[in-house]
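Work through the exercises below with the sequence and the model open beside you, and try each task before you read its solution.

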Amino acid sequence: MAKLVVLSKGFSGQTCELKEDKVTIGRTPDNSFTVAEGSVSSRHCEVVSRAGKVYVKDLGSTNGTFIDDKKLGSETELSPGKIMRVGQVEIRLETGAGDSASKSMEKTIVLKQGGVKPGDLEQPTHSGAVGKDRPFVKKSNRVHAIFIGLGILLAVAIVALLIFALVQLT
């Protein structure tokens, strides 16, 4: 049976057997395969098994989904042994049918069980995943900035009205 194997340090040994036709990968627990790492979006991508082949589709993630360092534009086939990257986490598809992936198992580091520590989510697992000169950048939150701006304008208007009322009373 085909399975996804996480290769990145700190997450090595995590696997997900592709028992269902569609598996979602993301940071939150509502996904079929949860990868609790800061560069992984809450609902990052989906892996679909169809006619004996495996396809990957990005779900509008912040840091993108890549197969062998090529960013996905649409649904793309993931061949056995190929490396898929979600955010900064590398995942390999293995079929267990003597594919080339089993030859590179010596690169897999198995760490003790214990889960993710709160500080692990803020620190990248490795640098240079997308651009060698800069780490991943968080999307700006325009709505948040708009609300702050409106709050400041409202506060200024209230202060101005209070001053005007005090001037009128005297």
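**Exercise 1. Charges over rings**

Find the ring over whose face Arg-50 lies, and then look for aromatic pairs in this predicted model.

Solution. Begin at Arg-50, which lies over the face of Tyr-55, at 4.6 Å from the ring centre. To decide whether a charge sits over a ring, check that CZ of Arg is within 6 Å of the ring centre and within 35 degrees of the ring normal. Next, turn to Arg-85, whose charged end sits over the ring of Phe-66, 4.2 Å from the centre of that ring. Finally, search for pairs of aromatic rings: across the whole structure, zero aromatic pairs are found.

**Exercise 2. The sheet of six strands**

Write down the order of the strands in the open sheet of six strands, and name its edge strands.

Solution. The order is β2-β1-β11-β10-β7-β8, and the pairing is antiparallel. The two edge strands are β2 (15–17) and β8 (70–71), each of which pairs on one side only. Now follow β1, which covers residues 3–6 and is joined by four bridges to β11, residues 89–94, with the two strands running antiparallel. Within this pairing, Val-5 stands opposite Arg-92, while Val-6 stands opposite Ile-91. Strand β1 is also joined to β2 by three bridges, again in an antiparallel arrangement, and here Leu-4 has Cys-16 as its bridge partner.

**Exercise 3. A residue in β11**

Decide whether Glu-94 is buried or exposed, and name the residue whose side chain it contacts.

Solution. First locate Glu-94, which has its place in strand β11. Its relative accessible area is 9%, and because buried means under 20%, Glu-94 counts as buried. Then look at its side chain, which is joined to the side chain of Arg-92 by a polar contact of 2.7 Å. Arg-92 has already appeared in the previous exercise, as the residue opposite Val-5.

**Exercise 4. The sheet of five strands**

Give the strand order of the open sheet of five strands, and find the bridge partner of Tyr-55 in β9.

Solution. The order is β4-β3-β5-β6-β9, and the pairing in this sheet is mixed. Its edge strands are β4 (33–34) and β9 (76–77), each pairing on one side only. Strands β6 and β9 pair in the antiparallel sense over two bridges, and the partner of Tyr-55 in β9 is Glu-77. Tyr-55 is also the residue whose ring face lies under Arg-50.

**Exercise 5. Positive phi angles**

For Ala-51 and Asp-68, state in which loop each is found and how exposed each is.

Solution. Start from a general expectation: most residues other than glycine have a negative phi. Ala-51 has a positive phi of about 55° although it is not a glycine, and its place is in the loop between β5 (45–50) and β6 (53–58). Its relative accessibility is 80%, so Ala-51 counts as exposed, for which the cut-off is over 50%. Asp-68, also not a glycine, has a positive phi near 50°, and is found in the loop between β7 (65–67) and β8. Its relative accessible area is 37%, which makes Asp-68 partly exposed.

Conventions:
Residues numbered from 1 in each chain as written. Predicted model: local features only at pLDDT ≥ 70, side-chain atom pairs only at ≥ 80, totals over all residues. Heavy atoms only, no water. Phe/Tyr/Trp six-rings, centres within 6.5 Å; stacked < 30°, edge-to-face > 60°. Pairing = 2+ DSSP bridges. Buried < 20%, exposed > 50% of the residue type's maximum accessible area, 1.4 Å probe, protein only. Polar contact = N/O pair within 3.5 Å; in protein donor to acceptor, adjacent residues only side chain to side chain.
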